[in-house]
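This report introduces a structure to a reader who has not met it before. The sequence and the model are shown first, and the description follows.

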Amino acid sequence: MTELSIGILGAGGRMGRALVRAINDAEGCVLLGGVDADTHAGQGKDLGTLAGLEPAGIALTTDTRALVEAADVIIDFTVPAVIERHAALVAETGTSYVVGTTGLEAAQQQAIEAAAETAAVIQAANFSLGVNLALALTRQAAAALGEEFDIEIVEMHHRHKIDAPSGTALALGQAAADGRQVNLDQVADRGRDGITGARKRGDIGFAVLRGGNVAGDHSVVFAADDERIEITHKAADRMIFARGAVQAALWTSGRDPGLYSMQDILGF
Ligand code: NAD
């Protein structure tokens with residue numbers, strides 16, 4: 001069986017380097033190449049070496065178009081500002097696209113949805129198995145518990161993270177809103193500061209912590225009078241996201257165009 005060739009966008013980043021290791025560990029796929037910004041200090045260096053492995057014989061480059069054209073699947077963990085360009089290339093070539101970049105604005109999200117008309121696109125705010133189970137449990141708990149349970153979502157990430165709340169926290173909020181059959185935009189409370197007044201019944205609150213090298217902690221708290229349920233996931237290493245993204249890349253093989261989620265892949 002021929003192996004699936006994978007190209008990484010953002011290959012010099014924290015997730016990009018984890019992806020190089022995850023592809024190296026996985027069966028059925030091979031690393032084709034990696035691209036990063038022209039300002040990245042690792043330009044021209046070997047992708048294996050950058051990831052802490054033996055040399056792979058492939059250098060980090062800036063040629064996004066060539067990689068998207070040549071790869072069976074592209075995995076994108078970059079920055080929101082470049083997503084529209086990446087999505088347009090994918091739309092043009094029909095290359096399968098696994099996208100984990102978070103903090104997207106509406107136009108960037110629309111570009112991904114447009115690409116899904118001609119390519120198999122898998123988008124997840126979090127590619128870990130455990131978080132995807134937490135999403136399913138949150139939806140279920142929110143559907144079962146009434147509005148006497150206040151829902152709060154707490155997340156903590158490393159000091160370098162640039163968006164807040166995390167994409168995963170927002171996805172957990174969306175799962176809770178789906179369970180309650182409400183519109184998240186209308187009930188989300190994302191920035192408490194000062195004299196906020198009492199908590200509004202039905203709101204879904206978000207709290208954000210940043211510090212150290214925390215890979216990603218999330219809790220959904222359902223708080224009623226005299227009792228509290230908490231669904232918590234703690235990521236100890238970003239390899240869990242990289243392994244999930246590679247699993248998603250393998251799943252795209254032979255898949256029709258469309259926008260898929262990690263929930264589709266795991267069957268939750
Ligand atoms: P990072 O800053 O370490 O890596 C991002 C990389 O993208 C950098 O190396 C940067 O130079 C590169 N980049 C910038 N412009 C580029 C361009 N034009 N072409 C190619 N590369 C370019 O960040 P990170 O921690 O690796 O996270 C990357 C993204 O993935 C963030 O949005 C983060 O929130 C998200 N993330 C998602 C998941 C998930 O499971 N979905 C998990 C972890 C992180």
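Gln181 is located in the loop between α7 and α8, the latter spanning residues 184-187. Although Gln181 is not a glycine, its phi is positive, at about 60 degrees. The model described here is a predicted one.

A further backbone feature concerns a proline. The peptide bond that joins Ala164 and Pro165 is cis, with an omega of about -10 degrees. Pro165 belongs to the loop between β7 (150-157) and α7 (167-180).

**The ligand and its surroundings**

Where does the ligand sit? The ligand occupies the largest pocket. There are 23 residues around the ligand, and those that come nearest are Arg14, Met15, Asp36, Thr102 and Phe127. Sorted by class, this shell consists of 10 nonpolar, nine polar and four charged residues.

Three polar contacts of the ligand are set out below.

| Residue | Protein atom | Ligand atom | Distance |
|---|---|---|---|
| Thr102 | side-chain N or O | oxygen | 2.7 Å |
| Ala124 | polar backbone atom | nitrogen | 3.0 Å |
| Ala125 | backbone N or O | nitrogen | 3.0 Å |

Thr102 thus appears both among the residues that come nearest to the ligand and in a contact made through its side chain. Ala124 takes part through a polar backbone atom, and Ala125 likewise contributes a backbone N or O atom. Taken alone, the ligand exposes 860 Å², and the protein buries 81% of that area.

**Salt bridges**

How many salt bridges does a search of the whole structure find? The search finds 10. One of them pairs Arg65 with Glu92, whose closest N and O atoms are 2.9 Å apart. Arg65 lies in helix α3 (residues 64-70) and Glu92 in helix α4 (residues 83-93), so this pair ties together parts that are 27 residues apart in sequence.

In summary, the description covers a ligand in the largest pocket, a salt bridge between Arg65 and Glu92, a cis peptide bond between Ala164 and Pro165, and a positive phi at Gln181.

Methods: Residues numbered from 1 in each chain as written. Predicted model: local features only at pLDDT ≥ 70, side-chain atom pairs only at ≥ 80, totals over all residues. Heavy atoms only, no water. Near = heavy atom within 4 Å. Polar contact = N/O pair within 3.5 Å; in protein donor to acceptor, adjacent residues only side chain to side chain. Areas by Shrake-Rupley, 256 points an atom, 1.4 Å probe, with all protein chains shown as cover. 1 Å grid on protein atoms, 1.4 Å probe; cavity = no way out; pocket = protein on both sides within 12 Å on 5 of 7 lines; lining within 4 Å. Sits in = over half its atoms within 2 Å of the grid points. Nonpolar A, V, L, I, M, F, W, Y, C, P; charged D, E, K, R; others polar. Salt bridge = Lys/Arg side-chain N within 4 Å of Asp/Glu carboxyl O. Helix = DSSP H or I, 4+ residues; strand = E, 2+ residues; numbered from the N terminus.
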